[in-house]
Amino acid sequence: CAAIVGCAALKESSAEKSEAVSMAQVPDAAKQTLKEYASESDVKTVSMGDQDGTKVYEFDIQQGARKFELTVTPGGKFMGTEEDVEFSTLPAAAQATLTAQAQGGKLEGCEKAVDQNHKTTYEGVISKNGKKTEVAVDADGKVVSTEAVTAGGD
């Protein structure tokens with residue numbers, strides 16, 4: 001039986017290679033999109049990275065206890081958010097699917113991800129048989145994707 005102790009915070013997930021930048025280096029269009037989600041004072045770090053071949057700015061944001069990452073193109077297009085969440089906050093169907101997927105293994109962390117189309121998925125990292133796999137499910141518990149997690153990150 002899989003011991004699901006809850007989803008501890010996942011290690012910060014970022015694009016393949018990112019480079020720290022200052023807020024002064026962020027184009028105005030990207031700053032405008034940022035304002036829809038947070039104030040500049042909520043931004044802890046900014047980096048420039050690559051998301052599926054598109055250059056993006058990644059803002060690590062903290063608003064009280066809530067921490068999340070916002071990804072925006074230089075032109076201001078919203079590319080998504082990722083937020084570490086507790087397993088208990090996931091929809092029941094998503095919890096059930098991740099629990100079933102983890103059978104014989106351990107669920108190590110959960111994220112709530114919103115993509116550029118504003119579609120929400122819930123991602124869990126499952127450690128089983130010496131391998132780690134990220135499983136993404138929708139609110140109805142349908143598996144949306146699975147991918148191997150490499151030692152260097154995800």
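In the predicted model, Thr146 contacts Thr133, Glu134 and Val135, with neighbours within four places in sequence left aside. Thr146 belongs to strand β9, which spans residues 143-148. The partner Glu134 is 12 residues away along the chain, and the C-alpha atoms of Thr146 and Glu134 are 5.5 Å apart. With a relative accessibility of 48%, Thr146 is classed as partly exposed, because this value falls short of the 50% above which a residue counts as exposed.

Strand β9 is one of the 9 strands of the protein, which also has 2 helices. Read from the N terminus, the order of elements is β-α-β-β-β-β-α-β-β-β-β. The protein comprises 154 residues, of which 40% are buried. Of the contacts between residues at least 6 apart in sequence, 46% connect residues at least 24 apart.

Confidence in the prediction was examined along the chain. The mean pLDDT is 88, and 86% of the residues reach 70 or more. Among the elements, α1 has the highest confidence, with a mean of 97, and strand β1 (residues 19-20) has the lowest, with a mean of 93. For residues 1-15, by contrast, the pLDDT is below 50, although this stretch makes 36 contacts in the model beyond near neighbours in sequence. Predicted coordinates should not be read in detail where pLDDT is low.

The largest nonpolar core consists of 16 residues, and Leu34, Val46, Phe59, Ile61 and Leu70 have the most contacts inside it. Two or more residues of this core come from each of α1 (28-35), β2 (43-51), β3 (54-63) and β4 (66-72). The surroundings of Val46 include Glu19, Ala20, Val21, Met23 and Val26, together with Tyr57, Glu58 and Phe59, when residues up to four places away in sequence are not counted. Another core lies apart from the largest one; this core has 12 residues, including Val85, Leu90, Leu98 and Ile126.

Leu98, a member of the 12-residue core, is also one of the buried residues of helix α2 (residues 92-101), the others being Ala94 and Thr97. Viewed down the axis of α2, the buried residues occupy an arc of 95 degrees and therefore line one face of the helix. Ala92 and Ala100, on the other side of α2, are exposed. The packing partners of the buried residues of α2 are β6 (106-115), β7 (120-128), β8 (131-137) and β9.

Aromatic side chains were considered next. The whole structure contains 1 aromatic pair. Its members are Tyr37 and Phe78, whose ring centres are 5.2 Å apart; the pair is stacked because the planes meet at 15 degrees, under the 30 degrees required. Tyr37 lies in the loop between α1 and β2, whereas Phe78 lies in strand β5 (residues 78-84), so that the pair links distant parts of the chain, 41 residues apart. The two residues fall into separate classes of accessibility: Tyr37 is partly exposed, with a relative accessible area of 26%, and Phe78 is buried, with a relative accessibility of 9%. A further ring, that of Phe68, has Arg66 over its face, at 4.1 Å from the ring centre.

Definitions and conventions:
Residues numbered from 1 in each chain as written. Predicted model: local features only at pLDDT ≥ 70, side-chain atom pairs only at ≥ 80, totals over all residues. Heavy atoms only, no water. Core = buried A, V, L, I, M, F, W, Y, C linked by side-chain atoms within 4.5 Å. Buried < 20%, exposed > 50% of the residue type's maximum accessible area, 1.4 Å probe, protein only. Helix = DSSP H or I, 4+ residues; strand = E, 2+ residues; numbered from the N terminus. Contact = heavy atoms within 4.5 Å. Phe/Tyr/Trp six-rings, centres within 6.5 Å; stacked < 30°, edge-to-face > 60°. Lys NZ or Arg CZ within 6 Å of the ring centre and 35° of its normal. pLDDT = per-residue confidence, 0-100. Arc of directions from axis to C-beta.
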